[in-house]
Amino acid sequence: MAAPVLRIDPASPAPIVRQIVDQLRVPLVEGSLRPGTVLPPVRRLATDLAVHFNTVAEAYRQLASEGWLDLRQGRGATVVEREAPAPSRRELSGYRQRLRELVSQMRAHGVPSSRIAAELKAIAEGIE
Amino acid sequence: MNVLLSIVSLLFLFAVPSSGGANLFFGVPVPPGFRSTEVARRALRSYLLLCAIPWVASLLALTFLRNLLVFRVASQLAFVVVAVAGYIVQNRRLKPYAVQPPLVRELDLSPPERLPWFTWLGIPPLLWLAGIALCLRLRWDRLPARFPVYIPPEGPEQWADRTARWVYGGLLLGGEQAALLFGIVLAVWYGSRRSESMRKPAMLVMLAGEWLVALNLGAIRFSLATGIAIPSLAVQLVPLLLVIPAVVYFSVAFYKPRDPLDPTPGECWKGGIVYYNPNDAALFVRRRDAIGFTFNLANRWSWAIFGGSLAVLASMLVV
């Protein structure tokens, strides 16, 4: 299986920490980064991405707080088995809002509803 | 000889504006075809003229004031300072025409590469110097009271007494320089980007330099310790046989079709020569003014390497 790819754009309005977290979360959810996988060291990743150490460290900390990574002392950032928590009503409402915004944006760019539904279905099933 | 060196240095400075690669001109990323524009030609003319004037002055100083060391050194120094200043001026003038390379970075999360096997070639020179020092210590009483410390091809020239300073000084100096170069080899591996294709060639050049230093500074003490004379020609030629192929390999690798320009932000390059970016974790980045790497001066390890280099220079003065 090909290694997941990170794509960082400093010109993007999204902060770099957010870009790293969001992009790392995808292979974590999809399972291409399996439990036990050790992620690149903070220094290595920061050097390769041309960002500050603290940026990568913060991204790893955020993923650890979500339960994806183990940052125990003396070890690298290791992917751990994670029980999916039951989302609260408030969280579900937040996701629905974000999806509505995204779908509206896609509709505004001319993507038909059937295509949007098919894309969402394919993504959701692919992640499962 | 001095005139020849002067001519070589002038040719080198003439080549500098374009030596960063096809898409760099005076350290500024430029669009294809920019070099044939009037702006580029004017910049090059100004720079060459600026270099040529102090060069002629330094040549005159070398010819007519050869006995006045101060004038000779000052003229050479002025030549280099003016050339660097000219480069910086043209870099600033051309900045408005710069094309910012895309800053987007893509990186696969494959496991980090292992340290290349040839890195360990940096250990034997250190062991060689340490071994000679140990051998000298064990055979101290049998060492001659006076021994040559510098052997030019035509025979011994400078002699020294059997004191700790003269017996071990050269080895200490060699050990410091070799350790510094080996440290830089490791720093290049760990402190430059994985996508940087010049990493391994640069490491090989540094390792060849380390062998050169160790063989040169250890040869006389080796003869002193073991009684086995190493021909002076071998002392000078063998290390060069290591360094020249490494430099050629590095240059060939550099002028192969290049990777896309390292997407370092243009505003972090000062005068096209100095890179200072506190938001970049890299210690070494590809130079924009010439072949090779330069430090990211915002990385504190760069100052540690400068400190090490200064310590070696100070040792040279003391030893």
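1. In what order do the elements of chain A run from the N terminus on? Going along the chain, you meet β-α-α-α-β-β-α-α. That comes to five helices and three strands. Do keep in mind as you look around that this is a predicted model.

2. For a feel of the overall dimensions of chain A, its C-alpha trace spans about 50 × 35 × 35 Å along the principal axes. The chain has 128 residues, and 22% of them count as buried. As for how the chain meets itself, take the contacts between residues at least 6 apart in sequence: 49% of these join residues at least 24 apart.

3. Now a backbone detail to look at. Most residues other than glycine have a negative phi. Ala50(A) is not a glycine, yet its phi is positive, at about 60°. You'll find Ala50(A) in the loop between helix H2 (42-49) and helix H3 (53-65) of chain A.

4. Is Ala50(A) buried or exposed? It counts as buried, because it has 24 C-beta neighbours inside 10 Å, and the cut-off for that label is 20 or more.

5. Chain B has a residue worth a look on the same topic: Phe26(B), which is not a glycine either, has a positive phi near 55°. Phe26(B) sits in the loop between strand E1 (24-25) and strand E2 (28-29) of chain B.

6. Why does Phe26(B) count as buried? Inside 10 Å it has 28 C-beta neighbours, so it gets that label. When you open the model, then, Ala50(A) in its loop between two helices and Phe26(B) in its loop between two strands are good places to pause.

Notes
Residues are numbered from 1 along each chain as its sequence is written. Chains are lettered from A and ligands numbered from 1 in the order in which they are written. This is a predicted model: local features need pLDDT of at least 70, side-chain atom pairs count only at pLDDT 80 or more; totals for chains, interfaces and linings use all residues. Helices (H or I, at least four residues) and strands (E, at least two) are DSSP runs, numbered from the N terminus. A residue is buried if 20 or more other C-beta atoms lie within 10 Å of its own, exposed if 12 or fewer, and partly exposed in between; C-beta atoms are placed from the backbone. Two residues are in contact if their C-beta atoms, placed from the backbone, lie within 7 Å.
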